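User: I'm new to this one and want to know how the labels people put on it are earned. Can you take me through them?

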Amino acid sequence: MLLPDLDPDKPVLLAGPTASGKSSLAMEIAQKQGGVIVNADASQIYDCWRVVTARPSRADEQRLPHRLYGHVAYDAQYSAGHWLREVKSLLEGSERPIIVGGTGLYFSTLTEGLAEIPPTPDEIRARGDSLTLDALLAQLDPQTAARIDLNNRARVQRAWEVLQASGRSLADWQDDTPAPVLPIGTCSALVMDSPKDWLEPRIRQRFDQMIEQGALEEVEAMRDRYDPRLPSCKAIGVPELMGYIRGELTLEAAREQAAIATRRYAKRQRSWFRSRMKDWTVVPSSAV
């Protein structure tokens, strides 16, 4: 019903909260119209996680071309800027990209532009790691604080680091943002509408499927390299399952905590999509 309205020559952007069915829709579009599926999920870039982050299966990757999945080492630094540069090179290729994921920041850097902020020195990052969220917030300027999720420590610390390293606020850098790589008018931009009551049972069901498909074994394999400070180790489900593996949680408690964390993340995703993707075409998840 939706697909005939998509221009087969235009790139596709497909955003949606976790467990919304966006990956299946991306594969349907690629199968019917052609194209290469490109990851826009910050957790699915890491090579250590496939099952626990619901990355496409090996069979899916063999059936249709996929890019930027599982290509980054668990302890490597990787940012929206890294992702944007990789996507830009794909846009210069001959294959039509179908960019799918739930990381709103990736999509905004692509369609709204990304400020060329200098990298943060290691010593400043280490100092930020040692501060509490309240201490970081206390040093932010009002303009930046009004633009970011103040409950997201990674975003708050990033804003603090930018200010410390460059002497300019993140808001100031953003106001000097260059033109976007892929303006919204040049692509088919779709966002999944996934109501809370529809999404919650899918979240629980998917976690159980992950356990059946080997999520515990995947996390166990990372036991000796696990570092809760690394972005890769903050992927939802990883801290909870590691807690079970270490004997700190029962499997049922890990399941419940992971479900709560996923619901909260999905809520943040939906809020981002509503506020930042008002010009995108809404696709009901229930129709997929």
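Analyst: Sure. One yardstick to start with: the expected span of a helix is 1.5 Å times one less than its number of residues. Also keep in mind that this is a predicted model.

User: What does that yardstick say about helix α1?

Analyst: Helix α1 covers residues 22–33, which is 12 residues, and it reaches 16 Å from first C-alpha to last, close to the 16 Å expected. Right after α1 comes Gly 34, with a positive phi near 85°. Within α1, the buried residues are Lys 22, Leu 25, Ala 26, Met 27, Ile 29 and Ala 30.

User: How do you know that the buried residues of α3 line one face of the helix?

Analyst: Look down the axis of α3: its buried residues fall within an arc of 155°, so they line one face. They are Ala 80, Gly 81, Trp 83, Leu 84 and Val 87. In general, an α-helix has 3.6 residues a turn, so residues three or four places apart point the same way.

User: What do those buried residues of α3 pack against?

Analyst: They pack against β2 (36–39), β4 (97–101) and α4 (104–112).

User: Which residues touch the most other members of the largest nonpolar core?

Analyst: That core has 45 residues, and the ones touching the most other members are Leu 13, Trp 49, Trp 83, Ile 99, Phe 107, Leu 110 and Trp 280. Take Phe 107: leaving aside neighbours within four places in sequence, its contacts include Leu 13, Ile 99, Met 277 and Trp 280. Another core, of 16 residues, lies apart from the largest one, and Leu 6, Ile 29, Ile 98 and Met 192 are among its members.

User: Why is Cys 233 called buried?

Analyst: Its relative accessible area is 1%, and buried means under 20%, so Cys 233 makes the cut. Cys 187, at 7%, is buried as well.

User: How many disulfides does the structure hold, and what is the nearest cysteine sulfur to Cys 233?

Analyst: The structure holds 0 disulfides. For Cys 233, the nearest cysteine sulfur belongs to Cys 48 and is 6.4 Å away. A disulfide needs the two sulfurs within 2.5 Å, so Cys 233 is in none.

User: What makes Arg 50 and Glu 61 a salt bridge?

Analyst: Their closest N and O atoms are 3.4 Å apart, and the cut-off is within 4 Å, so the pair counts. Arg 50 lies in the loop between β2 and α2 (58–63) and Glu 61 in helix α2, so the pair ties together parts that are 11 residues apart in sequence.

User: Are those two buried or partly exposed?

Analyst: Arg 50 is buried, at 15% relative accessible area. Glu 61 comes in at 27%, which makes it partly exposed.

User: Which parts does the salt bridge between Arg 276 and Glu 112 tie together?

Analyst: Arg 276 sits in helix α13 (residues 251–276) and Glu 112 in helix α4, so this pair ties together parts that are 164 residues apart in sequence. Their closest N and O atoms are 2.9 Å apart. Arg 276 is partly exposed at 34%, and Glu 112 is partly exposed at 37%.

User: Which residues do salt bridges with shared partners join into one network?

Analyst: Arg 168, Asp 172 and Asp 176. In the bridge between Arg 168 and Asp 172, the closest N and O atoms are 3.0 Å apart. The structure holds 16 salt bridges.

Notes. Residues are numbered from 1 along each chain as its sequence is written. This is a predicted model: local features need pLDDT of at least 70, side-chain atom pairs count only at pLDDT 80 or more; totals for chains, interfaces and linings use all residues. Side-chain values use heavy atoms; hydrogens and water are left out. Buried means under 20% relative accessible area, exposed over 50%, partly exposed in between (1.4 Å probe, protein chains only). A nonpolar core is a set of buried Ala, Val, Leu, Ile, Met, Phe, Trp, Tyr and Cys residues joined through side-chain atoms within 4.5 Å. Contact means heavy atoms within 4.5 Å. Helices (H or I, at least four residues) and strands (E, at least two) are DSSP runs, numbered from the N terminus. The arc is that of the directions from the helix axis to the C-beta atoms. A salt bridge is a side-chain nitrogen of Lys or Arg within 4 Å of a carboxyl oxygen of Asp or Glu.
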